[in-house]
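Me: I have a model open and would like to know the reasoning behind its labels. Could you go through them with me?

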Amino acid sequence: MLRFTIGYFAFFLGLFVFNLFTEDWYRWYGALDYLSSIVFLCGIPTVCALAVTVTLNHRRPRKLFDPDAGHHVAPFFRGFLAAMLAVVISIPIVVFGDNHVGDVVLLGFASMVATGSVVFFATPRKPGHCIGCGYDLRCSLDTGRCPECGSTISKLMSANE
Ligand SMILES: [Zn+2]
C-alpha cells in the first residue's frame, strides 16, 4: 500500500513540477507559496486516495496490497494510474464546479472516485487460496507450501482459512 501511495503522490508531484514551468502557474497556485501548494495539491489528493484504499482494502483485502503476493512494482504503477485517472476526472469537475467549491475539494473528490474505481477492480485475495497462483490450499495447509507453485503459505492465510 505504501508503494501504491508513493506512485500516486509521485504523479501529482510530477504534475506540480510540470505546472511550475507553464503559464498556468498563476491561475492555479497564485495565492499560495510553493510549500503550501505541494501540501494542498499533492498531499490532499494523496490522503483522500489513501483513505479510500485503506477502507476498500479493509472490507475486502486485495492481492495487490498483500506483501506476500510478491508485487514489487505493480502497486507503484497502479497508484500512478489512479492519479492519472483522478486528474482526468477532475478536469470536467473543476471546470463546472469551480464557482461553487474550491479546487482542492474537487481534486480530493476526484481522487476518491478514481482511486475507488482502481482499487475496486483490483483482484481480491481469496481466503484459503494461494496468493501466488490461486490454488485452493485448504487441504494443504499443514505442508507449509503451495503444491502448485511452491509459495510459502503465510500465517495470515491460515488464519483466514
Ligand atoms: Zn501457489
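Me: Thanks! To begin, what percentage of the 161 residues of the protein count as buried?

Reply: Happy to help. This is a predicted model, and in it 26% of the 161 residues count as buried. The protein has six helices and zero strands, so its pattern along the sequence reads α-α-α-α-α-α.

Me: Why is T55 called exposed?

Reply: T55 has 12 other C-beta atoms within 10 Å. A residue is exposed if that count is 12 or fewer, so T55 is exposed. Its place is in helix α3. The C-alpha atom of T55 is separated by 9.4 Å from that of G116, 61 residues apart along the chain.

Me: Which residues of α3 are buried, then?

Reply: They are L41, C42, P45, T46, C48, A49, V52 and T53. To be called buried, a residue needs 20 or more other C-beta atoms within 10 Å of its own. These residues of α3 pack against α1 (2–20), α4 (74–97) and α5 (103–120).

Me: What makes α1 roughly antiparallel to α3?

Reply: The axes of the two helices, α1 and α3, cross at roughly 155° and come within 9 Å. Angles over 145 degrees count as roughly antiparallel, and that makes α1 roughly antiparallel to α3. Their crossing is right-handed. On the α1 side the residues that meet α3 include F4, Y8, F12 and F16, while in α3 their partners include L41, P45 and A49.

Me: How do you know that the span of α5 agrees with what is expected?

Reply: Here the value and the expectation can be set side by side. At 1.5 Å a residue, the 18 residues of α5 should span 26 Å, and the end C-alpha atoms are 25 Å apart, which agrees. The expected figure uses one less than the number of residues. Among the buried residues of α5 are L106, L107, A110 and V118, and what covers the buried residues of this helix includes α3 and α4.

Me: What span does α3 reach, and where does α3 bend?

Reply: Helix α3 (residues 34–59) has 26 residues and reaches 37 Å from its first C-alpha to its last, close to the 38 Å expected. The bend, about 35°, is at G43, and a proline, P45, follows within four residues. P45 is also one of the buried residues of α3.

Terms used:
Residues numbered from 1 in each chain as written. Predicted model: local features only at pLDDT ≥ 70, side-chain atom pairs only at ≥ 80, totals over all residues. Bend = angle between axes of the 7 residues up to and from the residue. Contact = placed C-beta atoms within 7 Å. Axes fitted to C-alpha atoms, helices over the stretch in contact; angles between N-to-C directions. Parallel < 35°, antiparallel > 145°, perpendicular 65-115°, else oblique. Left-handed = near helix turned anticlockwise from the far one by under 90°.
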